[in-house]
Amino acid sequence: MVQLLRPAQAGTLESNDIMITVAPGEAGGGVVIELDSLVMAQYGAVIRQTLADTVAVQGIADVYIKAVDRGALDCTIRARLLAALARAGVISEGVIV
């Protein structure tokens, strides 16, 4: 399993974007997602699943993710999370989306 080296973030709080912050999680704590979204009632479950699927594909087991969504599309959510993970030092090559 891949471990986060340091906290990092990507994205903005502009309309149609998402700000994602990642930090190392507790060993054995799994993926913890804190989500704040303007469209929580309609798409909260889908956003959480996109975040969880993206970290699973990267082989990351223990991570804390804080996402502040302003109506981002799935492709933007994945891109921002991958950018934050790269800045945290866990993705170096062969990124699978």
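Reader: What does "buried" mean for a residue here?

Author: Buried means under 20% relative accessible area. Exposed means over 50%, and partly exposed lies in between. This is a predicted model. In the protein chain, buried residues make up 36% of the 97 residues.

Reader: Which helices and strands should I look for, and in what order?

Author: Start with the count: the protein chain has 2 helices and 4 strands. Then read along the sequence. The pattern is β-β-β-α-β-α.

Reader: How many Å is the radius of gyration, and what should I set it against?

Author: Set it against a compact globule. With 97 residues, such a globule would have a radius of gyration near 13 Å. The protein chain has 12 Å, which agrees. Its C-alpha atoms fill a box of roughly 30 × 25 × 20 Å along the principal axes.

Reader: What share of the contacts links residues 24 or more positions apart?

Author: Take the contacts with a separation of 6 or more. Residues 24 or more positions apart account for 75% of them.

Reader: How do I check the length of helix 1?

Author: Use 1.5 Å a residue. Helix 1 covers residues 40–57, so its 18 residues should span 26 Å. The end C-alpha atoms are 24 Å apart, which agrees. After helix 1 comes Gly59, with a positive phi near 75°.

Reader: Which residues of helix 1 are buried, and what covers them?

Author: First, the general idea. An α-helix has 3.6 residues a turn, so residues three or four places apart point the same way. Now the case. Gly44, Ile47, Thr50, Leu51, Thr54 and Val55 are buried in helix 1. Their cover includes strand 2 (18–24), strand 3, strand 4 (63–69) and helix 2.

Reader: Is Ser37 buried or exposed?

Author: Compare its relative accessible area with the cut-off. Buried means under 20%. Ser37 has 11%, so Ser37 is buried. Ser37 lies in strand 3, residues 31–37. Leaving aside residues up to four places away in sequence, Ser37 touches Ile47 and Asp69. A polar atom of the Ser37 side chain also lies 3.1 Å from the backbone nitrogen of Val39.

Reader: Where does Gly89 lie, and what does Gly89 touch?

Author: Gly89 lies in the segment after helix 2 (74–88). Its relative accessible area is 32%, so Gly89 is partly exposed. Beyond residues up to four places away in sequence, Gly89 touches Leu5 and Arg6. Asp69 is 20 residues from Gly89 along the chain, and their C-alpha atoms are separated by 23 Å.

Terms used. Residues are numbered from 1 along each chain as its sequence is written. This is a predicted model: local features need pLDDT of at least 70, side-chain atom pairs count only at pLDDT 80 or more; totals for chains, interfaces and linings use all residues. Side-chain values use heavy atoms; hydrogens and water are left out. Buried means under 20% relative accessible area, exposed over 50%, partly exposed in between (1.4 Å probe, protein chains only). A polar contact is a pair of N or O atoms within 3.5 Å; within protein, one must be able to donate a hydrogen and the other to accept it, and residues adjacent in sequence count only if both atoms are side-chain atoms. Contact means heavy atoms within 4.5 Å. The expected span of a helix is 1.5 Å times one less than its number of residues. The radius of gyration is taken over C-alpha atoms; the globule rule is 2.2 Å times the number of residues to the power 0.38.
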